[in-house]
Amino acid sequence: MLQTRTRRRAWIAGFVTVVMASAGFLLSSQFAHAQSTLRAAATAIGKDIGVAVDVGKLQNDSTYRNLVATEFNSVTAENVMKMDTVQPSQGQFNFGPGDTLVDFAQQNDQSVYGHTLVWHSQAPGWVRNLSGDALRQAMQDHITTTMNHWEGDIFAWDVVNEVVGDDNGQLRDSFWLQGLGEGYIAQAFQYARQADSEADLYMNDYSIDGINAKSDRYYQLAQGLVEQGLLDGMGFQAHLILGQVPGDMEANLQRFADLGLKVRVTELDIRIDMPADSNELQRQAQDFERVVDICKGIADCSGVTVWGLRDGDSWVPDVFDGQGAPLLFNDDGSPKPAHTAVLEALGGGEGDPTTGAPTTSPPPTGAGCSAAIEVVNDWGSGWQANVSVTAGDGGVNGWTLDWTWPDGQSISSSWNVDIAQTGSSVTASDVGWNGTVASGQTREAFGFVGSGSSAEPAVTCTAL
Ligand code: XIL
């Protein structure tokens with residue numbers, strides 16, 4: 001087992017320089033201010049902030065990889081833990097892509113939410129053709145083998161996904177229901193409990209964010225499963241439309257929590273009729289903030305997962321004609337207003353009155369620029385810093401920062417920056433969109449993950 005793990009991890013070592021911190025970084029002054037990543041803010045209040053991950057992009061796109069690692073403390077496989085990937089032919093399990101995500105998450109100290117075991121969609125042809133005992137056996141084998149494989153790696157599973165249809169709360173007329181009858185739901189949970197007694201077991205669906213016939217049916221199902229000790233959580237996908245966060249969403253999640261369940265927003269996105277204008281992006285930010293506030297207000301809400309990273313990564317434009325821009329980041333990796341709103345809802349960001357604004361080095365006198373490195377998160381084997389740039393008289397249209405690490409530190413990854421490291425010397429330049437800083441203003445410019453210890457470097461800022 002150990003050998004397998006080491007082998008599976010090898011590709012990751014190729015792009016993430018894994019370096020151990022030799023001593024603690026001096027964090028006290030930096031931690032006087034609010035966190036500036038979603039991850040740090042969510043961790044500080046004991047919630048998960050998750051993202052659905054496309055494993056291909058994780059392997060091939062460094063901006064993607066860095067944002068996933070630095071902004072989120074939880075991940076869900078967008079596709080590769082579904083049955084058509086995991087068991088494409090009967091008895092042949094394909095865990096490789098899921099393992100890639102699990103390994104990445106472990107490297108970055110993130111939890112992995114399992115999605116999904118029993119679903120009518122993205123199920124292979126062979127299983128759709130079974131019924132009766134053969135289908136029941138296949139369901140058990142799939143649940144058991146999959147959960148055993150990731151036992152200890154995956155803390156919670158969507159055991160069943162979308163088992164209620166959109167017709168007045170009736171069970172979905174899927175091949176599972178047709179082949180096994182309605183007892184298949186409880187049966188799936190029994191198999192899951194047997195397979196991994198530690199994992200939290202969830203049901204999950206869309207259009208159940210408010211109180212309606214569909215969520216009422218889930219409420220009944222949940223009561224029955226709770227009585228049998230088979231259910232631990234309820235997942236609310238929250239594929240929402242701009243301006244339509246249900247007014248009773250909080251009450252709805254709370255009624256499930258009152259059954260003794262955890263609740264979780266599992267697939268949040270908020271779609272806009274394209275093209276989205278700036279007013280809509282502001283309103284979207286408010287909607288995101290509302291959803292995060294709801295989770296924050298419910299002690300048993302384990303967290304919020306967004307269904308994709310950048311707008312261009314979202315499934316929405318493929319499925320909902322003419323709609324898009326539903327996520328927290330722009331295609332170039334820059335944060336949208338919704339990101340700022342989520343950050344503030346989680347208690348981070350610059351506006352937090354209890355912690356005050358981050359300190360930056362004093363503005364330069366005259367022309368030119370200055371910069372400040374702020375450590376915002378530290379997880380022992382590494383730390384994350386955000387860097388801000390302040391412009392002097394006349395503003396700047398581009399900047400280059402230079403510093404020398406006083407104590408052998410190094411950078412293992414970075415984002416929104418063009419960075420070069422030679423020995424202990426670092427040169428960091430803007431990537432275009434973040435080059436402009438108005439006269440006397442400060443902007444969050446870029447970030448990086450570093451390792452090593454103590455003393456802060458003296459940074460030189462050169463303006464263009
Ligand atoms: C979607 C993925 O985002 C797409 O990439 C894929 O083509 C189809 O599935 N409800 C779910 C998710 O539970 O698994 C779906 O994910 C979105 C709706």
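# Questions about a predicted model

Author: In this predicted model, Arg264 lies in strand β8, which spans residues 262–273.

Reader: Why is Arg264 called buried or exposed, whichever applies?

Author: Arg264 has a relative accessible area of 0%. Buried means under 20%, so Arg264 is called buried.

Reader: What is Arg264 in contact with, apart from its neighbours within four places in sequence?

Author: The list includes Asp48, Tyr113, Phe155, Tyr202, Met234, Cys301 and Thr305. Ser74 and Ser302 are also among them.

Reader: What makes the pairing of the Arg264 and Ser74 side chains a polar contact?

Author: The distance is 3.2 Å, and the cut-off for a pair of N or O atoms is within 3.5 Å. Within protein, one atom must also be able to donate a hydrogen and the other to accept it. The pair is therefore counted as a polar contact. The side chain of Arg264 makes another polar contact with the side chain of Ser302, at 3.0 Å.

Reader: How do you know whether Gln122 is buried, partly exposed or exposed?

Author: Gln122 has a relative accessibility of 27%. Buried ends under 20% and exposed begins over 50%, so Gln122 counts as partly exposed. Gln122 is in the loop between β3 and α7.

Reader: And what is Glu162 called, buried or exposed?

Author: The relative accessible area of Glu162 is 10%. The limit for buried is under 20%, so Glu162 is buried. Glu162 lies in the loop between β4 and α9.

Reader: What makes the phi of Gln122 and of Glu162 worth listing?

Author: Most residues other than glycine have a negative phi. Gln122 is not a glycine, yet has a positive phi of about 45 degrees. Glu162 is not a glycine either, and its phi is positive at about 55 degrees.

Reader: Which peptide bond before Thr116 is listed, and what is its omega?

Author: The bond joining His115 and Thr116 is cis, with omega about 0 degrees. Thr116 is in strand β3. A cis peptide bond also joins Met274 and Pro275, again with omega about 0 degrees. Pro275 is in the loop between β8 and α13. Most peptide bonds are trans.

Reader: How do you know that His115 has a polar contact with the ligand?

Author: An oxygen atom of the ligand is 2.7 Å from an N or O atom in the side chain of His115. The cut-off is within 3.5 Å, so this pair is a polar contact. For Trp307 the distance from a ligand oxygen atom to a side-chain N or O atom is 2.9 Å, and for Gln237 it is 3.3 Å. The protein covers 78% of the 410 Å² of accessible area that the ligand has on its own.

Reader: Which residues around the ligand come nearest?

Author: Of 13 residues, those are Glu78, Lys82, His115, Glu267 and Trp307. The shell divides into three nonpolar, six polar and four charged residues.

Reader: What makes a group of residues a nonpolar core?

Author: The members are buried residues of certain types, joined through side-chain atoms within 4.5 Å. The largest such core has 104 residues, of which Trp176, Phe189, Met203 and Leu268 touch the most other members. Helix α10, residues 184–195, gives the most to this core, with eight residues. Apart from it lies another core of 23 residues, including Val389, Trp403, Val437 and Phe448.

Reader: How many of the residues in the chain are buried?

Author: Buried residues make up 56% of the 464 residues in the protein chain.

Methods:
Residues numbered from 1 in each chain as written. Predicted model: local features only at pLDDT ≥ 70, side-chain atom pairs only at ≥ 80, totals over all residues. Heavy atoms only, no water. Buried < 20%, exposed > 50% of the residue type's maximum accessible area, 1.4 Å probe, protein only. Helix = DSSP H or I, 4+ residues; strand = E, 2+ residues; numbered from the N terminus. Near = heavy atom within 4 Å. Areas by Shrake-Rupley, 256 points an atom, 1.4 Å probe, with all protein chains shown as cover. Nonpolar A, V, L, I, M, F, W, Y, C, P; charged D, E, K, R; others polar. Contact = heavy atoms within 4.5 Å.
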